[in-house]
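Morning, everyone. I have one model to go through today, and I will keep it short. Please have a look at the sequence and the structure first.

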Amino acid sequence: MGVQVVGYPPLHRKAIASADGLVLLGTLTDSREKRTVLEHEKQHFRLSAFYTADSDPQERRRSEARVDRALIQELCPAPQLDALLRMGLSVHEIAEELDITEELVEQAYFFYRGLDPHAFTDNK
């Protein structure tokens, strides 16, 4: 199955993916946001994590949470984030280094800390 990506500036979200292989992209600010958004949509396809406008909010949240976890683990793996933090890089610098958004760096940090409260500390 091929995926067709189409820019659609009137879209009031960053992107929408449908199970039939269409991704609509809204207006994105820069190349890091575009990469992060496209990788997010890729995870929807990889995980078959789709929902419809009629889906209940809980189903939507579960689907997005699965996608976000997979996205974080792929684009901002814990060992790499740990190494960059130990180098003293800021959130902005880490985002530039990994070519992702600052928002994803922050989500990754809190995701990994939620799994292990001692992550990114010397108290392991």
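I will take a helix pair first, then three loop residues.

A reminder before the details: this is a predicted model.

The helix pair is α3, residues 78–86, and α4, residues 91–98. How are α3 and α4 oriented to each other? They pack at an angle of about 130°, with their axes 10 Å apart. An angle over 145 degrees would count as roughly antiparallel, and 65 to 115 as roughly perpendicular, so α3 and α4 are oblique to each other. The crossing is right-handed. On the α3 side, the contact is made by Gln 80, Leu 81, Leu 84 and Leu 85; on the α4 side, by Ile 94, Glu 97 and Leu 98. By type, these contact residues are five nonpolar, one polar and one charged.

Now the loop that follows α4, which leads to α5, residues 102–115. Asp 99 sits in this loop. Asp 99 has a positive phi, about 60°, although it is not a glycine. Its relative accessibility is 31%, so Asp 99 counts as partly exposed.

Thr 101 is in the loop between α4 and α5 as well. Is Thr 101 buried or exposed? Its relative accessible area is 15%, and the cut-off for buried is under 20%, so Thr 101 is buried. Leaving aside residues up to four places away in sequence, Thr 101 touches Arg 32, Glu 33, Thr 36 and Ala 95.

The last residue is Ser 48, in the loop between α1, residues 31–47, and α2, residues 57–75. Ser 48 is another non-glycine residue with a positive phi, near 50°. With 56% relative accessibility, Ser 48 counts as exposed.

That is the end of my part.

Methods:
Residues are numbered from 1 along each chain as its sequence is written. This is a predicted model: local features need pLDDT of at least 70, side-chain atom pairs count only at pLDDT 80 or more; totals for chains, interfaces and linings use all residues. Side-chain values use heavy atoms; hydrogens and water are left out. Helices (H or I, at least four residues) and strands (E, at least two) are DSSP runs, numbered from the N terminus. Buried means under 20% relative accessible area, exposed over 50%, partly exposed in between (1.4 Å probe, protein chains only). Contact means heavy atoms within 4.5 Å. Axes are lines fitted to C-alpha atoms, for helices over the stretch in contact, and angles run from 0 to 180 degrees between N-to-C directions. Angles under 35 degrees count as roughly parallel, over 145 as roughly antiparallel, 65 to 115 as roughly perpendicular and the rest as oblique. A crossing is left-handed if the near helix is turned anticlockwise from the far one by less than a right angle, and right-handed if clockwise. Ala, Val, Leu, Ile, Met, Phe, Trp, Tyr, Cys and Pro count as nonpolar, Asp, Glu, Lys and Arg as charged, and the others, Gly among them, as polar.
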